[in-house]
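Here is a walk through a two-chain model, written for someone who would rather look at the picture than at a spreadsheet. Keep the viewer open as you read.

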Amino acid sequence: MVSKFWAALLLIIYGFFSYLLVTISLQYIPYDTDVAFLRIKQDVIDILFYKLAFFTHVYTAVFVIPAGFTQFSGYIRRKFPLIHKYVGRVYAFVVIFLAGPSGFYMGIFANGGISAQISFCLLAILWIYFTVLAVSRVKQGNIKSHREFLIRSFALTLSAITLRAWKYLIVFAFEPRPMDVYEIVAWLGWIPNLIIAEIIIRKFVKSKKSNEYFD
Amino acid sequence: MKKILMMIMAISLIASCNKTSENTASKIGNSPDTATSSEKTTQEKNTPSANQNQNSPVLGTYTGGFEASEFNETKDYVYENRITISIDSVGEDTIDGHSVVAGNNRPFKGKFKQEGKSLKAEVAEPGDDQYDGKFSFTVDADGKTISGTWTSNDKKLAVTKRKYSLNKKQFKYDASQGLPTDVQWTSLYEKNPKFPDQVEALTEDVTKINASAKELTKKDVENMYKGDLEVIRNAIYARHGYSFKNRRMRFIFDQFVPWYMPLNTDIRSNLTEIEKKNIDLIKRYEEHAEKYYDEYGR
């Protein structure tokens with residue numbers, strides 16, 4: 001599917017955005033309930049479960065990032081299968097038990113009104129669902145299905161990057177009001193990702209062609 | 001005999017207590033929001049306690065435009081600011097007061113002559129500040145208007161002479177004062193230094209919310225533009241007579257808000273509880289709205 005050149009380019013781009021995600025997470029160290037995003041969440045931060053969910057999310061979600069570098073590489077999977085296995089397990093564990101559920105709970109209180117709240121909760125549910133199925137498929141030995149579900153799961157992981165990229169572009173182009181932007185990117189941040197994931201699955205994974213990077 | 005003497009002494013002591021130097025009539029306005037300590041106390045020390053006309057109609061505050069009449073076009077100058085001149089005391093031929101403009105509160109003192117029904121005064125600011133100068137003005141007998149000129153001491157300043165024609169206005173804090181519709185059609189003159197290419201236009205939101213009148217909730221402010229939020233927050237300060245040092249907000253209040261009169265350079269101790277809460281809330285959403293421009297993150 002992708003030659004080494006494109007693979008390298010994608011990895012560099014992914015690396016850049018991963019760096020940005022890490023810097024966002026670092027804003028919350030040291031522990032402070034009135035910093036960055038929490039500055040406009042003072043009406044809910046005192047809810048114990050919200051506090052728990054928020055800090056679980058910002059402290060653990062970053063650990064899904066390494067999977068983007070290792071899991072799609074056929075080379076690593078063949079040469080270092082244990083890396084694939086253990087990085088995969090970390091990814092799955094974080095999504096299913098930490099970042100996913102906490103994301104769902106935070107979604108209930110999302111900025112941008114009921115539409116954004118529905119979007120983030122749906123995103124969390126699907127993220128967990130695809131990842132759970134991916135784990136179950138690999139245990140059954142169904143590698144093809146394992147790949148497909150992880151492409152979907154990772155497409156949703158990438159929403160952390162795409163949502164912010166859309167926000168940047170939309171503000172740059174249209175300068176809408178802050179919460180209006182939220183409402184828009186809450187959906188725009190992941191729906192296109194899923195659509196692209198489905199296209200990739202249908203065009204490339206189902207085909208018999210052997211893939212340079214992705215095999 | 002001794003008892004009578006003691007009584008006479010006691011009575012005369014009590015009688016003299018009532019003659020405390022009552023300078024309150026000559027101080028600006030009667031509201032609690034008037035100018036803060038240091039500038040005023042030095043004036044009190046300087047004014048002679050004898051021969052003061054404490055009930056002169058000339059005493060009080062006058063507000064209006066302070067226009068540049070001689071300026072260096074090649075320099076960065078401001079054409080007009082709103083000024084408040086306060087006449088704090090008048091003696092036989094002496095006159096003392098202070099002026100508040102563009103975040104500066106400077107005392108002045110000098111002499112005056114009676115000319116018909118008016119007072120013609122020549123006063124000078126202390127001279128130890130680079131923007132100090134001399135005022136030359138005429139106050140009408142009823143104490144309703146002041147007009148004249150001001151000349152700077154430093155001839156190298158961007159503006160070396162200004163003229164003014166001010167009207168008597170007593171400051172009164174009014175939490176219900178809103179912003180006129182003119183404000184919503186304007187843009188912020190001074191650019192936000194972080195985003196120098198952006199012109200920030202205000203919207204009708206600035207006329208909808210009064211942050212001094214009632215406690216705001218996040219629903220009121222979360223979807224507002226940063227420029228609007230900034231003006232709404234600074235309107236709180238303007239209601240207390242805050243004199244803005246920075247042009248960004250000053251231009252709005254000086255040029256578009258008729259009730260605004262600069263009176264104090266520090267109004268923090270005058271803020272009400274509702275105002276303090278609203279300031280905190282608005283600042284949070286101002287920061288948030290600002291981050292939405294040109295920043296990747298949340």
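Of the 215 residues in chain A, 31% are buried, meaning that 20 or more other C-beta atoms lie within 10 Å of a residue's own; exposed means 12 or fewer, partly exposed is in between, and C-beta atoms are placed from the backbone. This is a predicted model, where local features need pLDDT of at least 70 and side-chain atom pairs count only at pLDDT 80 or more, while totals for chains, interfaces and linings use all residues. Residues are numbered from 1 along each chain as its sequence is written, and chains are lettered from A and ligands numbered from 1 in the order in which they are written.

**Chain A**

Chain A has ten helices and zero strands; helices (H or I, at least four residues) and strands (E, at least two) are DSSP runs, numbered from the N terminus. Its radius of gyration is 18 Å, close to the 17 Å that the globule rule gives for 215 residues, so chain A is as compact as a globular protein of that length. That radius is taken over C-alpha atoms, and the rule is 2.2 Å times the number of residues to the power 0.38. Along the principal axes, the C-alpha atoms of chain A fill a box of roughly 50 × 35 × 30 Å. Of the contacts in chain A with a separation of 6 or more, 65% come from residues 24 or more positions apart; a contact means C-beta atoms, placed from the backbone, within 7 Å.

For a close-up, try A:Ser119, which sits in helix H6 (residues 113-140) of chain A. Why does A:Ser119 count as buried? Because it has 23 other C-beta atoms within 10 Å. Leaving out residues up to four places away in sequence, A:Ser119 touches A:Ala186 and A:Trp187. A:Thr131 is twelve residues from A:Ser119 along the chain, and their C-alpha atoms are separated by 18 Å.

**Chain B**

Over in chain B, eight strands close into a barrel in the order S1-S2-S3-S4-S5-S6-S7-S8, with antiparallel pairing. Neighbouring strands of this sheet are turned by 30° against each other on average, direction ignored. Here axes are lines fitted to C-alpha atoms (for helices over the stretch in contact), and angles run from 0 to 180 degrees between N-to-C directions. Two strands pair if DSSP finds at least two bridges between them.

Some of the pairs in chain B:

| Strand | Partner | Bridges | Residues opposite |
|---|---|---|---|
| S4 (residues 104-115) | S5 (residues 118-124) | seven | B:Glu115 and B:Ser118 |
| S6 (residues 133-139) | S7 (residues 145-152) | seven | B:Phe137 and B:Gly148 |
| S7 (residues 145-152) | S8 (residues 159-168) | seven | B:Trp150 and B:Arg162 |

The hairpin of S6(B) and S7(B) has five residues between the strands, and B:Gly143 takes a positive phi near 65° there. Six residues make the hairpin connection from S7(B) to S8(B).

**Where the chains meet**

At the interface, 15 residues of chain B are in contact with 14 residues of chain A. On the chain B side, helix H7 (residues 273-291) gives the largest share, five residues.

**How far to trust it**

The model scores ipTM 0.86 and pTM 0.82. Chain B has a mean pLDDT of 84, and 77% of its residues reach 70 or more; pLDDT is the predictor's confidence in each residue, from 0 to 100. Over residues 18-50 of chain B, pLDDT stays under 50.

Terms used:
Two residues are in contact if their C-beta atoms, placed from the backbone, lie within 7 Å.
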